[in-house]
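Hi,

Here is the structure I promised to pass on. Have a look at it, and then read on for what turned up.

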Amino acid sequence: MLLESWFCTEILEENGIKEEESLGMRLKHKWTVLVTLLVSLLLIISGCGTKTAETKSQQPEASKEKIKVAFVYVGPVGDAGWSASHDEGRKYMVEKMPNVETSIVESVPEGADAERVITQLAEKGNKIIFTTSFGYMDPTINVAKKFPDVVFMHCSGYKTADNVGTYFGRMYQPRYLTGIVAGKQTKTNLIGYVAAFPTPEVVRGINAFTLGVRSVNPEAKVKVVWTNTWYDPVAEKDAGKSLLAAGADVLAQHQDTPGPMQAAQDAGKFGVGYDSDMSKMAPKAVLTSAVWNWGPFYVKTVKAVQDKTWKNDQYWGPMSDGIVDVSSFGPMVSEDTKKLVAESKAKILAKQWDVFTGPIKNQAGEVKVPAGQVMPDKDMLQFNWFVQGVDGTIPKS
Amino acid sequence: MSIQEFLIPLLATAITAGTPILYAAIGELITERAGIINLGVEGIMLVGAVSGFMAAIATGSPWMGLLASMLAGGAVALIHAFLTITLRANQVVSGLSLTIFGTGLSGYLGKSYIGIPVAKPFDIMPLGPLAKIPIIGPIFFQHDILVYISYGLVIVLWYYMYRTRPGLNLRALGENPAAMDALGINVFLLRYIYVVVGGMFGGVGGAYLSLAYAPSWLENMTAGRGWIAVALVIFALWNPLRALLGSYLFGGIDALGFRLQVLNVQISPFFLKMLPYLFTVLVLVVVVARHKGRLSTPGALGLPYDREER
């Protein structure tokens, strides 16, 4: 545009028109470009700012100095799912520990962008940084090398360093318990499972759930549909509908939105939620939910860093630590079912028994875990086959 | 499962899943026909979804929510109109920044509305005797009222564009604004109006998700449907009737994938996700080949109109 106006000026000059006019025109062009840039910049800045949530407490008599803690989330904190559950944990910590100042960055894509965000947080003087998605594993390790004085905690990964620990919860334990509820509830003996990606974590959850279902209802089958997204309310609801159309009357999910629960409610059927208690999204459908409870773990970790007792462990917390649990039951769950769940829960909490205790057969009926043996953690972390009772396939990647 | 049992729910789902895309695509189609590309559809849909939801909670009426979503979508589009028509900014840059802006703004506004159920969403209401027609009824006439409105809207828009004088003006606006100007038609005012109206329909597309489909508010709940709408307008070659077919086709692809999985037919989901864009490319190739390089793209699309540069 500028170039053309230059051109224009020259023609005008040839025609003997005063130059001042065309100069004014050029200035006007520059002005418009400037305003445009400014407005676009404003829009972009207001769209993607880092939010800092500071604790209100300003007690001068606080014994320990304030420690800065940062969280990196893969989704928006408003996803009512995975990132929301981590943010609940952060809020819990802020409540319990007045000396903590926390900041969060949400919707950070996994990959190169994550490395930039984590570096910035470390440069800003954060002493502990929680990176809460699997794809942050390598970025976390890379940044940690440059900041040896900062403690990094990566959720759900397997790589550690001197100042990097990992943490996760044995979600398969509550999954098994919710399976019991679903197995008792189903009338058609077909339970739908809306699953995100065929990772070992998701496969493990489906297997644990199915074992739970079949422990009370050996006739029932669990049908799996993959959505290939963690977060898409519409697609997840569609996937739920397709399972209901196939005859399922209870839906479970490994997804971060309540879409499948809403599909179940619309059809007058039932569902088992995940991440957080989903009963408020679909009160008529949700029997119970398998939930994360990160708060106590965050408090413990920050305290350990303050007391200098922190170690770079690979923490995989069981239900007895309270990091995973089943939420309260909906009114449609029978007393009989609640009793069965309580019995199994007591055994798991007391560590007398765990979910993947043999005999466990695969879909072809071959015994994969012999009777009396417990599947070692190493195998559980690499789960790539379905147990008997799952109707579905694991796509090859 | 018989063919009917498989196909009827599949096609019915294709329509509901396609309706938000259809509204957004109609908005974008009007905007592009007026000569302006608006890549902010995704942001406009999100702002429409959240404001519609908030208004529906506050007033208890989904219709007030719908109105609010139209006003909000129109307001965001007004920013785009100001930047691209008055300031003659680059339309692509302005649209992209609006998407980022809309995503952030909707997330901020909706913070305290997550997980709240809306008291009165747009419920499913079978359309009288039409719903009882075998096969046709369950596919087309057992939805919520916004779906029925979208049927009418497409027909009305087609008639407006191809059978009325203002419609002819709209098409000419995107083809040759200078000629329109010479005829004494206010190009700037008309473009403002069509961009804002386009934004209003984008807002309705968002509200369809938060007030009828979900019905609830979740951050970023459009999950890329605004972009599909942009591709759809090209797929439809700027024709509302083809946009209707295209949105059901695009909306049905997800539903088809899930239903095939239920039948234990394995098709790569990545392949299915690719299909809307693949179809768009195919349509472009076919049309270009058949019409010897002439697409029905509005001639002045994306070009800022400047009286002094005629």
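To start with: is helix 8 of chain A largely enclosed by the rest of the structure, or is it exposed? It is largely enclosed, since 13 of its 13 residues are buried. Before you lean on any of this, please keep in mind that the model is predicted.

Some more on that helix, as several other things connect to it. Helix 8 of chain A runs over residues 233–245. For its 13 residues, 1.5 Å a residue gives an expected span of 18 Å, and the end C-alpha atoms are 18 Å apart, so the two agree. Just past the helix, A:Gly247 has a positive phi of about 110 degrees. On the other side, the loop between strand 7 and helix 8 of chain A holds A:Asn228. A:Asn228 is not a glycine, yet its phi is positive, at about 55 degrees. A:Asn228 has 18 C-beta neighbours inside 10 Å and so counts as partly exposed.

Helix 8 of chain A also packs against helix 9 of chain A (residues 259–266), at an angle of about 45 degrees and with the axes 7 Å apart. The two helices are therefore oblique to each other, and their crossing is right-handed. From helix 8 of chain A the contact takes in A:Pro233, A:Glu236, A:Lys237, A:Ala239, A:Gly240, A:Lys241 and A:Leu244. These meet A:Gly259, A:Pro260, A:Gln262, A:Ala263 and A:Ala264 of helix 9 of chain A. Sorted by class, that contact of helix 8 with helix 9 of chain A comes to 6 nonpolar, 3 polar and 3 charged residues.

After helix 9, the loop that leads to strand 9 (270–275) of chain A contains A:Ala267. With 17 other C-beta atoms within 10 Å, A:Ala267 is partly exposed. A:Ala267 and A:Asp249 are 18 residues apart in sequence, and their C-alpha atoms are 8.9 Å apart in space.

Now the two chains together. In chain A, 37 residues are in contact with 39 residues of chain B. Helix 8 of chain A comes up again here: along with helix 2 (19–47) and strand 7 (221–226) of chain A, it supplies at least two residues of the side that touches chain B. That side of chain A has 19 nonpolar, 11 polar and 7 charged residues.

Chain B has a pair of helix packings that share helix 4 (residues 91–110). Which way does each partner run against helix 4 of chain B? Helix 2 of chain B (residues 41–59) packs on helix 4 of chain B at about 20 degrees, with the axes 7 Å apart, which makes the two roughly parallel. Their crossing is left-handed. Among the residues that meet there are B:Ile44, B:Val47 and B:Met54 from helix 2 of chain B, and B:Phe101, B:Leu105 and B:Leu109 from helix 4 of chain B. The contact of helix 2 with helix 4 of chain B divides into 11 nonpolar, 6 polar and 1 charged.

Helix 3 of chain B (residues 62–86) packs on helix 4 of chain B at about 155 degrees, with the axes 10 Å apart. These two are therefore roughly antiparallel, and they pass in a right-handed crossing. B:Val76, B:Ile79, B:His80, B:Leu83 and B:Thr84 of helix 3 of chain B make the contact with B:Gln91, B:Ser94, B:Gly95, B:Leu98 and B:Gly102 of helix 4 of chain B. By class, this contact of helix 3 with helix 4 of chain B has 4 nonpolar, 6 polar and no charged residues.

Back to chain A as a whole: it has 12 helices and 15 strands. Of its 397 residues, 47% are buried. Among contacts in chain A with a separation of 6 or more, 64% are between residues 24 or more positions apart.

Last, a few backbone spots you may want to look at. The peptide bond between A:Gly358 and A:Pro359 is cis, with omega about 0 degrees. A:Pro359 sits in the loop between helix 11 (335–349) and strand 13 (360–361) of chain A. That loop also holds A:Lys351, a residue other than glycine whose phi is positive, near 60 degrees. A:Lys351 counts as exposed, with 10 C-beta neighbours inside 10 Å.

Cheers

Notes: Residues are numbered from 1 along each chain as its sequence is written. Chains are lettered from A and ligands numbered from 1 in the order in which they are written. This is a predicted model: local features need pLDDT of at least 70, side-chain atom pairs count only at pLDDT 80 or more; totals for chains, interfaces and linings use all residues. Axes are lines fitted to C-alpha atoms, for helices over the stretch in contact, and angles run from 0 to 180 degrees between N-to-C directions. Helices (H or I, at least four residues) and strands (E, at least two) are DSSP runs, numbered from the N terminus. Angles under 35 degrees count as roughly parallel, over 145 as roughly antiparallel, 65 to 115 as roughly perpendicular and the rest as oblique. A crossing is left-handed if the near helix is turned anticlockwise from the far one by less than a right angle, and right-handed if clockwise. Two residues are in contact if their C-beta atoms, placed from the backbone, lie within 7 Å. Ala, Val, Leu, Ile, Met, Phe, Trp, Tyr, Cys and Pro count as nonpolar, Asp, Glu, Lys and Arg as charged, and the others, Gly among them, as polar. The expected span of a helix is 1.5 Å times one less than its number of residues. A residue is buried if 20 or more other C-beta atoms lie within 10 Å of its own, exposed if 12 or fewer, and partly exposed in between; C-beta atoms are placed from the backbone.
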